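Open the model in your viewer and keep the selection tool ready. The stops below go from one selection to the next.

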Amino acid sequence: MYSMAKNLLGRTRKVSAWIWGLLGLVLITGFQIRTHHLDERLYYWINTYWHTEDWQERSVWLPAYRVELDAKPVSGVDNNLSGLTFDPDQNLLWAVTNGPNELLALSREGEVERRYILDGFHDVEAVSYAGNGQLVIAEERRQSLVIVDVPVDADDRLTPGHALHRDQYPSLTLSFGEADNKGLEGLAYDLKGDRLFVTKERDPRQLLEVRGLRASLDEDFSLRIRDLSSTVEDKVFATDLSSVVFDQQSGHLILLSDESKLLIEMTDQGKVVSFRSLASGFAGLQSGIPQAEGVTIDADGNLYVVSEPNLFYRFARESD
């Protein structure tokens, strides 16, 4: 009798351990699903898949993109490569670094053509071309937007020495609350609509639309700021927002998430149209993009992403 009771107790303990192990696995899986928004990714994958024909020809359509330049180191940059924007007037890319704070002119092959010291700037995080030969540069901790004239040099010297002095340019401060390292993270400008989109990284994620920036610079002061944060809180299945770009062709926004390794395309009304994972094996990537900090798109529809410390990526849309 004692032996039977002992065997029964042993079996009960094994079953109990198995049940607790299964419960732990379920809890861990559920935590991972919610943390990484895997359930929402599946929902939007199914939703966008069934609407492929509706959106494919009138959107950026991220699933069609594959990497052409994969993790190319940017020569002369050791660390902190951050924001990125396309300048259609000069047909080049502008990037920024913080520590040291510099503005870089890059070719579409990821080669440094010119570089400028950003004197008096602090914690530079993002840059966007705003038309009319001007750039908007974001200072994260100061939560400021500085409008600078695009530098043009007769000699394309690669060595730093030319400087842009912050006190020579107008600026606009947007208060997201306490200044910290989770402030202004992304900028995107709508050239036709005179709208500047600004993202805050997280805690919480935020998206603002600043209307009338160009008009205000032309002395027709008419700035209007609209909070679009509810669109990203409700629809964007990513844990952070590290950059944003406005596609002039489709009128859509492309949001970049470093933590979730995602590109997400959405309308300015908050409808998710498509997305593309930047993890290893997706979009032809040999390895996942380690710390994606900037995204932009050129006039030909090529997508560019930069990652800390100094990596450059170019994606092209595959033909049908």
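Is Glu111 buried, partly exposed or exposed? Select Glu111: the residue is partly exposed, because its relative accessible area is 38%, where buried means under 20%, exposed over 50% and partly exposed in between, with a 1.4 Å probe and protein chains only.

Before going on, note that this is a predicted model, in which local features need pLDDT of at least 70 and side-chain atom pairs count only at pLDDT 80 or more, while totals for chains, interfaces and linings use all residues. Residues are numbered from 1 along each chain as its sequence is written, and side-chain values use heavy atoms, with hydrogens and water left out.

**The whole chain**

Show everything as a cartoon. The protein has 5 helices and 21 strands; these are DSSP runs numbered from the N terminus, helices (H or I) of at least four residues and strands (E) of at least two. Of its 320 residues, 52% count as buried. The exposed area is about 15400 Å², and carbon and sulfur atoms supply 52% of it (Shrake-Rupley method, 1.4 Å probe; for residues, only the protein chains shown count as cover). Among contacts with a separation of 6 or more, 53% are between residues 24 or more positions apart, a contact being heavy atoms within 4.5 Å.

**Salt bridges**

Return to Glu111 and add Lys72. Their side chains form a salt bridge at 2.6 Å, N to O; the term covers a side-chain nitrogen of Lys or Arg within 4 Å of a carboxyl oxygen of Asp or Glu. The two residues sit in distant parts of the chain, 39 residues apart: Glu111 in the loop between strand E4 (102-106) and strand E5 (112-119), Lys72 in strand E1 (residues 65-73). Lys72 counts as partly exposed, because its relative accessibility is 22%. The structure holds 15 salt bridges.

Next select Arg141 and Asp123, whose side chains meet in a salt bridge of 3.6 Å, N to O. This pair also links distant parts of the chain, 18 residues apart, with Arg141 in the loop between strand E7 (134-139) and strand E8 (144-149) and Asp123 in the loop between E5 and strand E6 (124-129). Arg141 is partly exposed at a relative accessible area of 37%, whereas Asp123, at 14% relative accessibility, counts as buried.

**Around Arg195**

Which strand holds Arg195? Select the residue and the answer is strand E12. Add Glu209: the two side chains form a salt bridge, 3.1 Å from N to O. Glu209 lies in strand E13 (residues 206-211) and Arg195 in strand E12 (residues 195-200), so the salt bridge ties together parts that are 14 residues apart in sequence. Both Glu209 and Arg195 are buried; the relative accessibility of Arg195 is 7%.

Extend the selection to the surroundings. Leaving out residues up to four places away in sequence, Arg195 touches Ala188, Tyr189, Asp190, Glu209, Val210, Arg211, Phe246 and Asp268. Then display Asp190, Arg195, Glu209, Arg211, Arg226 and Asp268 together: a network of salt bridges links them.

**Aromatic pairs**

How many aromatic pairs does the structure hold? There are 3, where rings of Phe, Tyr and Trp (its six-membered ring) pair if their centres lie within 6.5 Å, and planes under 30 degrees apart count as stacked, over 60 as edge-to-face and the rest as tilted. Select Trp94 and Tyr116: the ring centres are 6.4 Å apart and the planes at 45°, so this pair is tilted. Trp94 is in strand E3 (residues 92-97) and Tyr116 in strand E5, distant parts of the chain 22 residues apart. Both Trp94 and Tyr116 are buried.

Move to Tyr304 and Phe312, a tilted aromatic pair with 5.9 Å centre to centre and 50° between the planes. Tyr304 counts as buried at 1% relative accessibility, and Phe312 counts as buried at 0%.

**A sheet of four strands**

Finally, colour E6, E7, E8 and E10. They make up an open sheet of 4 strands in the order E6-E7-E8-E10, with antiparallel pairing; two strands pair if DSSP finds at least two bridges between them. E6 and strand E10 (171-173) are the edge strands, each pairing on one side only. Zoom in on E8 and E10, which pair in the antiparallel sense over 3 bridges. The last selection is Ser144, which stands opposite Thr173 in E10.
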